[in-house]
Amino acid sequence: MISVFLAVVELLFTALISLFSRYEGIALGSVMRSLAQMVGMNCFVFISVLPVIVFTGQRAGAFMTGVAFAFFYGFIGTFASGHGLSCLYPVTIGLGFINYQNGMEAGTYNIFRCVVVLLIMLVITAVMLLLAQDRSKTQKIKGKGDIQ
């Protein structure tokens, strides 16, 4: 749900900037297509970082580590997408699904590979959730090293 909200916010900022700069090339059809692409891309990025969320969500105090790793993970996607790895790197597979052209007329994405990588990310997340332990039952008391 937050992915949809963020896509709408991104679209509003884009529309406001284009209105203030008096860009006349905006049509309702292209705005709606852009909204669908932004929602799709945000959802695919969310799916690609789900294993990081699941892993760091199980450990107290690991939130900021997860945020830093997710940022680095996404940042590397910038370099992977420029070298033909867009269909294999999880953060950039959404580009194939939304048919991002990158200034080219024909897309260079292998949708089958994108689907396989997406399914692998979902399977990894499901396995991590199935193997997750309820850590709220065990408490650590600092000081003496006793576990109760």
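Leaving aside its neighbours within four places in sequence, with which residues is tyrosine 89 in contact? In this predicted model, the residues that tyrosine 89 contacts under that condition are Tyr73, Ile76, Gly77 and Ala80. The points below begin with the overall picture and then return to this residue and its surroundings.

1. Overall architecture. The protein contains five helices and zero strands, and reading along the sequence gives the pattern α-α-α-α-α. Among contacts between residues at least 6 apart in sequence, 56% join residues at least 24 apart. Buried residues account for 28% of the 148 residues in the protein, while the protein exposes about 10,800 Å², of which carbon and sulfur atoms supply 70%.

2. Confidence. The mean pLDDT of the protein is 80, and 83% of its residues reach 70 or more. Among the elements of the protein, the highest mean pLDDT belongs to H5, at 91, and the lowest to H3, at 82. A reader of the points on H3 below may wish to keep in mind that this helix has the lowest mean value among the elements.

3. Tyrosine 89. This residue lies in the loop between H3 and H4, and tyrosine 89 counts as buried because its relative accessibility is 17%, which falls under the 20% limit. Its C-alpha atom is separated by 7.7 Å from that of valine 117, although the two residues are 28 residues apart along the chain. Tyr89 also belongs to one aromatic cluster, which it forms with Phe69 and Tyr73.

4. The largest nonpolar core. This core has 17 residues, and those that touch the most other members are Tyr73, Tyr89, Ile93 and Leu118. At least two residues of the core are supplied by each of helix H2 (28-57), H3, helix H4 (93-97) and helix H5 (111-130). As a general background, nonpolar side chains tend to be buried together in soluble globular proteins.

5. The pair of phenylalanine 69 and tyrosine 73. A search of the whole structure finds four aromatic pairs. One of them joins phenylalanine 69 and tyrosine 73, whose rings are stacked, with 5.9 Å centre to centre and 10° between the planes. The two residues are separated by about one helical turn because they are four residues apart in helix H3 (residues 63-81). Their surroundings can be stated separately: phenylalanine 69 is partly exposed, with a relative accessible area of 44%, whereas tyrosine 73 counts as buried at 13% relative accessibility.

6. The pair of phenylalanine 71 and phenylalanine 75. These residues also form a stacked aromatic pair, with 6.2 Å centre to centre and 15° between the planes. Phenylalanine 71 and phenylalanine 75 are four residues apart in helix H3, so they are separated by about one helical turn. Phenylalanine 71 is exposed, its relative accessible area being 62%, and phenylalanine 75 counts as partly exposed at 41% relative accessibility.

7. Serine 48. This residue is found in helix H2 and is buried, with a relative accessible area of 2%. Not counting residues up to four places away in sequence, serine 48 touches Tyr73, Pro90, Val91 and Met121. Tyr73 thus recurs in the description: it is touched by serine 48, it is among the residues that tyrosine 89 contacts, and it is one of the core residues that touch the most other members.

8. Serine 18. Serine 18 is found in helix H1 (residues 2-20), and it counts as buried at 10% relative accessibility. With residues up to four places away in sequence not counted, serine 18 touches Tyr23 and Ile26.

9. Cysteines and disulfides. A search of the whole structure finds zero disulfides. Two cysteines can be described by their accessibility: cysteine 43 counts as partly exposed at 29% relative accessibility, whereas cysteine 114 counts as buried at 0%.

Terms used:
Residues are numbered from 1 along each chain as its sequence is written. Side-chain values use heavy atoms; hydrogens and water are left out. Rings of Phe, Tyr and Trp (its six-membered ring) pair if their centres lie within 6.5 Å; planes under 30 degrees apart count as stacked, over 60 as edge-to-face and the rest as tilted. Buried means under 20% relative accessible area, exposed over 50%, partly exposed in between (1.4 Å probe, protein chains only). A nonpolar core is a set of buried Ala, Val, Leu, Ile, Met, Phe, Trp, Tyr and Cys residues joined through side-chain atoms within 4.5 Å. Contact means heavy atoms within 4.5 Å. Accessible areas come from the Shrake-Rupley method with a 1.4 Å probe; for residues, only the protein chains shown count as cover. pLDDT is the predictor's confidence in each residue, from 0 to 100. A disulfide is a pair of cysteine sulfur atoms within 2.5 Å.
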